[in-house]
Amino acid sequence: MSRIVVVSNRVAVPQRSGVSAGGLAVAVNAALKDKGGIWFGWSGRICPEPSDIPEVTRKAGITYAVVDLKAEDHQEYYNGFANRVLWPVLHYRVDLSEFLRSDLSGYIRVNRMFADHLEQIIRPDDILWIHDYHMMPLAKYLRERGHRNRIGFFLHIPMPPSDIVQALPQHGETVGALAYYDLVGFQTEGDRDNFARYLETRGGQPTPDGTGCDIGGRRVRLGTFPVGIETAAFARRARHASRAPFVKAFRDSLMGKKLIIGVDRLDYSKGIPNRLDAYEHFLKTQPEWHDRVSFVQITPKSRTDVPEYQEMDRYVSHKAGQINGAYSDVSWTPLRYVNRTYSRSALAGFYRAAQVAMVTPLRDGMNLVAKEFVAAQDPADPGVLILSQFAGAAAEMGTGALIVNPHDTEGMASALRRALEMPLAERRERHARMMQVLETRDIDRWAQDFLAALAPEAATGERRGVSLPRAAVRSVVRLPGAWRSDLLPRGV
């Protein structure tokens with residue numbers, strides 16, 4: 001039986017200060033918590049002379065192996081190429097990318113360094129699961145070192161059409177390197193199909209069964225694996241949090257007004273300015289709702305050293321002040337704009353208290369806020385989800401959410417009024433449809449489906465031209481994660 005080795009840019013080591021359990025961290029941790037295994041990646045620390053061996057922490061059956069980065073590596077690999085080139089391009093914003101050859105060199109250098117560290121840890125029968133755009137060429141560098149492990153890759157953010165990808169200088173060194181994986185997973189069918197067409201532009205040929213592509217003497221399988229959440233656990237968290245003094249005080253501060261909530265990291269992909277424009281239009285055209293509603297936008301700041309994010313922060317802060325200046329009075333503030341991070345328990349309580357959530361990104365791989373909001377609701381009196389058609393979650397939640405175009409200010413304002421006035425029976429029906437999806441496709445199902453498709457048994461079945469029976473799929477996902485200390489470099 002094989003071990004699972006998960007690799008991501010940032011590793012959320014338990015009890016390490018300053019580590020944020022974001023969407024990726026929650027997803028990976030949930031995938032490993034019952035199976036055990038190894039989680040390898042960057043520690044989050046920058047130091048002049050990083051150690052040649054990873055720092056290892058073991059907790060609850062998971063082994064966390066992390067390495068530090070030099071300041072130059074962090075600047076070029078992370079701040080530079082990953083966040084100022086790959087992030088905007090993959091979110092369809094080529095106009096915001098700033099390509100420097102030195103940053104690409106740093107990105108390649110750090111990925112090769114990660115491959116060097118992994119080479120000291122992995123054994124031939126390990127199954128490797130690599131995550132997100134920071135690590136696109138990692139399989140290529142492991143193959144160059146002779147490793148023939150089953151290696152899968154999952155992209156948590158969007159994959160744009162091939163003509164946008166090809167606007168990326170030297171795209172073959174990054175996006176093209178995904179062809180070295182055995183399985184590449186995406187959030188939606190659209191993302192998967194975009195990548196398949198990109199591979200065809202590079203000479204790839206679709207496999208006879210339509211599940212992948214033959215390119216450069218290799219076969220890469222492509223699949224759709226929408227990330228879920230810990231549905232039942234998050235619903236319990238929300239019920240408990242709703243009774244917490246902190247959340248009760250928050251509800252009391254609303255003074256009976258209906259709550260609209262938005263929770264997003266400060267990023268241009270999230271559509272926060274568009275959302276505020278829509279709320280402003282709602283207040284302008286629906287004066288009967290004045291003093292009856294409160295919009296709370298929680299937006300922790302991110303990448304504060306990047307000029308585009310600094311400019312966005314200034315714009316959103318100005319817009320929030322403009323809305324409050326125009327419509328508030330001494331007893332009512334229509335918009336609360338908060339730049340701080342809250343715990344998942346606090347957010348769960350906020351979601352449960354809200355009548356409406358606005359999740360309206362301009363482009364998003366999935367967006368787990370949408371799913372967490374739905375899971376947090378009281379089924380007897382649920383709130384309404386307003387969801388962008390450009391969020392990956394729309395493919396699953398479209399039957400229950402109000403789907404909007406974030407570029408349509410009047411349309412979003414109209415959806416906001418509809419959500420606030422929606423009858424209880426319709427809200428219950430919509431919520432029940434979405435909850436059925438969340439309960440069926442939770443985080444465990446996501447991990448099981450991906451690992452089953454990646455496992456050696458799946459590869460054997462593919463070569464024989466047969467599909468695995470369900471019982472076989474169930475068996476391959478229960479992979480033990482026993483750690484052998486003798487496989488670490490000497491002294492660890």
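What follows is a look at one helix, the nonpolar cores and three loop residues in a predicted model.

Helix H10 is a good place to start. It runs over residues 307-327, and with 21 residues at 1.5 Å a residue it should span 30 Å; the C-alpha atoms at its ends sit 31 Å apart, which agrees. Buried positions in H10 are Tyr309, Met312, Asp313, Val316, Lys319, Ala320, Ile323, Asn324 and Tyr327. These buried residues take up an arc of only 135 degrees around the axis, so they end up on the same side of H10. His318, Gly325 and Ala326, on the other side of the helix, are exposed. As for what the buried residues of H10 pack against, the partners are helix H2 (71-90), helix H9 (272-285) and strand S13 (335-338).

Next come the cores. In soluble globular proteins, nonpolar side chains tend to be buried together. Here the largest nonpolar core counts 90 residues, and Leu138 and Tyr279 have the most contacts inside it. H2 supplies the largest share of this core, with 8 residues. Apart from that core lies another one, of 66 residues, with Ala394, Met434, Leu438 and Leu454 among them. Back at tyrosine 279, and setting aside neighbours within four places in sequence, the contacts are Ile260, Val293, Ser294, Phe295, Ile323, Pro334, Leu335 and Leu416. One of these, Ile323, is also on the list of buried residues in H10.

The loops hold a few details worth a look. Two residues that are not glycines have a positive phi: tyrosine 92, at about 70 degrees, and asparagine 367, at about 85 degrees. Tyrosine 92 belongs to the loop between H2 and helix H3 (101-119), while asparagine 367 falls in the loop between strand S14 (356-359) and helix H12 (368-376). Their surroundings can be set side by side. Tyrosine 92 has a relative accessible area of 25%, so it counts as partly exposed; for asparagine 367 the value is 8%, so that residue is buried.

Aspartate 126 sits in the loop between H3 and strand S5 (127-131). With a relative accessible area of 1%, against a cut-off of under 20%, aspartate 126 is buried. What does its side chain reach? The side chain of aspartate 126 gets to the backbone nitrogen of arginine 123, at 2.9 Å. Leaving out neighbours within four places in sequence, aspartate 126 is also in contact with Arg3, Val5, Ile121, Asn149 and Arg150.

Notes. Residues are numbered from 1 along each chain as its sequence is written. This is a predicted model: local features need pLDDT of at least 70, side-chain atom pairs count only at pLDDT 80 or more; totals for chains, interfaces and linings use all residues. Side-chain values use heavy atoms; hydrogens and water are left out. Helices (H or I, at least four residues) and strands (E, at least two) are DSSP runs, numbered from the N terminus. The expected span of a helix is 1.5 Å times one less than its number of residues. Buried means under 20% relative accessible area, exposed over 50%, partly exposed in between (1.4 Å probe, protein chains only). The arc is that of the directions from the helix axis to the C-beta atoms. Contact means heavy atoms within 4.5 Å. A nonpolar core is a set of buried Ala, Val, Leu, Ile, Met, Phe, Trp, Tyr and Cys residues joined through side-chain atoms within 4.5 Å. A polar contact is a pair of N or O atoms within 3.5 Å; within protein, one must be able to donate a hydrogen and the other to accept it, and residues adjacent in sequence count only if both atoms are side-chain atoms.
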